[in-house]
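Trainee: I have a model open on my screen and would like to walk through it with you. Could we take it piece by piece?

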Amino acid sequence: MSNTVLVGAQWGDEGKGKIIDILSEKADYIVRYQGGSNAGHTVVVDGKEHIFHLIPSGILHPGKICCIGNGVTVDPASLIQEIQGLARAGISAGGRLKISPLAHVIFPYHKVLDELREKKRIKNKKIGTTRRGIGPCYADKVNRCGIRMVDLLNPRVFRDKLQDTLDEKNEICRKVYDHPGFAYKPLYEEYVRYGVFLKPYISNIISLLHEANRKKKEILFEGAQGTFLDIDFGTYPFVTSSSAAAGGSCIGTGVSPVDIDMIVGVAKAYTTRVGEGPFPSEFPAAFGKFMREKGSEFGATTGRPRRCGWFDGVLVREAILVNGISKLALTKLDVLSGLKTVSVAVAYTYKGKRFDEFPRDFEVLKKAKPVYKELPGWQEDIVKIKRYKDLPANARNYIAYLEDLLEVRISIVSVGSSREETMFR
Ligand code: GDP
Ligand code: IMO
Ligand code: MG
């Protein structure tokens with residue numbers, strides 16, 4: 001394996017955590033480059049489920065170095081909870097978890113403003129965020145009033161920055177949202193304590209990864225969210241606030257684009273989405289509920305029910321373009337077992353016009369009807385199947401059809417949540 005970016009090809013929750021865990025075996029470094037604790041990446045090992053929000057999903061492999069890049073927004077309380085949770089499971093992050101000093105820090109006012117802003121939005125403008133403070137924290141970063149991990153280590157710098165930003169945040173809380181705001185002293189003291197706890201983990205990720213490249217070590221970049229939640233390429237404004245697409249891996253770590261060798265996409269064998277926003281291939285309500293239960297489609301971070309739909313070829317083709325995906329991992333194929341037929345969206349239509357490319361006009365995207373290709377389903381339970389050639393013929397047909405449609409190789413097929421329930425081609 002060479003330096004690889006693993007990226008979600010849909011709206012998140014494609015099963016990235018599981019695939020990262022598998023690819024981590026051959027990698028030396030596993031690096032998160034964007035997002036924050038809005039992510040929920042599930043890894044199942046020996047029947048035990050681990051859900052990671054900030055710590056890279058490679059941490060379960062002893063000896064691997066796991067990095068949180070500058071493009072990530074870090075909620076220290078959430079991170080410390082994860083570190084302590086791992087310790088209780090007998091896994092030490094000490095010496096293996098590295099946090100960029102340049103990563104921005106999430107404060108309680110980010111979470112409260114995330115929540116208040118959502119509440120204030122009128123019905124069809126709500127995003128359905130995870131309320132983890134992601135949008136407000138990235139907004140501060142871009143607005144040049146953010147506080148970074150390195151600042152927590154210098155009380156003088158931190159005091160000054162917090163005072164400045166908190167004054168403004170409190171005015172916004174009080175004048176716009178009728179919220180009492182935050183007292184300076186307890187907040188300052190709380191975050192100084194986080195700084196003390198996290199200090200041993202903070203290190204120069206830029207030179208660490210450059211040194212890794214020099215020594216021909218292998219880096220695996222762990223994308224969070226998915227291409228259609230990307231701030232630029234997603235279904236804006238129903239997106240997250242970071243660069244989830246593969247390009248974010250350079251911006252969010254300091255690794256040069258010339259050092260990226262391969263992009264692997266992850267797509268579910270159908271489609272899901274949590275939160276609001278257009279979803280052309282969404283199932284009708286009753287079938288959606290049936291599939292949600294069949295696929296256990298409930299959010300790993302918020303527990304919210306995920307909306308479900310057919311595989312959308314228009315969407316994933318766009319993801320392949322935007323990211324430069326050359327290999328695809330197809331997950332949750334087992335969930336489609338038992339259906340008489342399975343459908344794939346191959347284009348959209350709106351007002352008599354056909355769209356083969358992903359439309360960017362919001363009205364079209366919201367109202368477009370998919371053109372479906374219907375394929376025969378398979379009835380067998382496929383979870384225990386180990387070899388691709390042993391899959392039912394109709395399941396193989398489905399995969400072959402997707403490969404033709406997407407013009408990409410599906411090199412990993414996942415048929416269950418655990419490591420063993422995976423086929424490599
Ligand atoms: P991520 O955010 O992309 O890492 O995905 P999540 O962890 O949020 O959601 C994926 C869910 O599907 C998790 O509960 C996984 O354990 C589960 N999962 C992953 N691959 C498979 C699969 O092939 N089959 C089944 N049935 N479940 C899977
Ligand atoms: P992983 O990494 C699925 C969605 C939220 C909401 C929108 C904006 O597990 O795939 P935010 O809190 O980021 O401002 O919310 O993005 N969202 C995700 N959906 N998987 C995720 O992460 C998500 N992270 C954010 O539901 O619609
Ligand atoms: Mg998830």
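Mentor: Happy to. Let us begin with a backbone detail: a residue of this predicted model, Gly40, places a backbone N or O atom 2.9 Å from an oxygen atom of ligand 2.

Trainee: Which residues come nearest to ligand 2?

Mentor: The shell around ligand 2 holds 20 residues. By class, that shell divides into seven nonpolar, ten polar and three charged residues. The ones that come nearest are Lys16, His41, Thr130, Gln225 and Thr240.

Trainee: And how much of the accessible area of ligand 2 does the protein cover?

Mentor: Start with the backbone contacts. A polar backbone atom of Asp13 is 2.8 Å from an oxygen atom of ligand 2, and a backbone N or O atom of Gly128 lies 3.4 Å from an oxygen atom of ligand 2. Ligand 2 on its own has 550 Å² of accessible area, and the share covered by the protein is 97%.

Trainee: Now for the other ligand. Which residues are closest to ligand 1?

Mentor: Ligand 1 is surrounded by 19 residues. Their classes are three nonpolar, nine polar and seven charged. The closest are Lys16, Gly17, Thr42, Asp334 and Ser414.

Trainee: What share of the accessible area of ligand 1 does the protein cover?

Mentor: Three polar contacts are worth a look before the value. An oxygen atom of ligand 1 is 2.9 Å from a polar backbone atom of Gly15, and a polar side-chain atom of Arg306 lies 3.1 Å from an oxygen atom of ligand 1. In the side chain of Asp334, an N or O atom is 2.7 Å from a nitrogen atom of ligand 1. Of the 580 Å² of accessible area that ligand 1 has on its own, the protein covers 90%.

Trainee: Which element gives the largest share of the shell around ligand 1?

Mentor: First place the ligand: ligand 1 sits in the second largest pocket. Two elements give two or more residues to its shell, namely α1 (16-24) and β3 (41-45). The largest share is three residues, and it comes from α1.

Trainee: Let us turn to the loops. Is Glu421 buried or exposed?

Mentor: Look in the loop between β18 (409-414) and β19 (422-424), where Glu421 lies. A polar atom of its side chain is 3.1 Å from the backbone nitrogen of Ser417. The relative accessibility of Glu421 is 12%, and buried means under 20%, so Glu421 counts as buried.

Trainee: What is omega for the peptide bond between Tyr236 and Pro237?

Mentor: Pro237 is found in the loop between β9 (219-222) and α9 (248-251). The bond that joins Tyr236 and Pro237 is a cis peptide bond, with omega of about 5°.

Trainee: Is Asp46 buried or exposed?

Mentor: Asp46 belongs to the loop between β3 and β4 (48-52). Although Asp46 is not a glycine, its phi is positive, about 50°. Its relative accessible area is 74%, and the cut-off is over 50%, so Asp46 is exposed.

Trainee: What is the relative accessible area of Arg131?

Mentor: Arg131 lies in the loop between α3 (108-120) and α4 (134-142). Its phi is near 60°, a positive value in a residue other than glycine. Arg131 is partly exposed, and its relative accessible area is 30%.

Trainee: How far apart in space are Val105 and Val72?

Mentor: Val105 is found in strand β8 (residues 104-105), and it is buried, with a relative accessible area of 1%. In sequence, Val105 and Val72 are 33 residues apart. From C-alpha to C-alpha, the distance in space between Val105 and Val72 is 8.8 Å.

Trainee: One last pair. How far apart in space are Arg360 and Thr235?

Mentor: Arg360 lies in the loop between β16 (353-355) and α12 (362-367). Arg360 is partly exposed, with a relative accessible area of 43%. In sequence, Arg360 and Thr235 are 125 residues apart. Their C-alpha to C-alpha distance in space is 7.9 Å.

Note on methods. Residues are numbered from 1 along each chain as its sequence is written. Chains are lettered from A and ligands numbered from 1 in the order in which they are written. This is a predicted model: local features need pLDDT of at least 70, side-chain atom pairs count only at pLDDT 80 or more; totals for chains, interfaces and linings use all residues. Side-chain values use heavy atoms; hydrogens and water are left out. A residue is near a molecule or strand if one of its heavy atoms lies within 4 Å of it. A polar contact is a pair of N or O atoms within 3.5 Å; within protein, one must be able to donate a hydrogen and the other to accept it, and residues adjacent in sequence count only if both atoms are side-chain atoms. Accessible areas come from the Shrake-Rupley method with a 1.4 Å probe; for residues, only the protein chains shown count as cover. On a 1 Å grid over the protein atoms alone, a cavity is a set of points where a 1.4 Å probe fits but cannot get out, and a pocket is an open set with protein on both sides within 12 Å along at least five of seven lines; lining residues have an atom within 4 Å of a point. A molecule sits in a cavity or pocket if more than half of its atoms lie within 2 Å of its grid points. Helices (H or I, at least four residues) and strands (E, at least two) are DSSP runs, numbered from the N terminus. Ala, Val, Leu, Ile, Met, Phe, Trp, Tyr, Cys and Pro count as nonpolar, Asp, Glu, Lys and Arg as charged, and the others, Gly among them, as polar. Buried means under 20% relative accessible area, exposed over 50%, partly exposed in between (1.4 Å probe, protein chains only).
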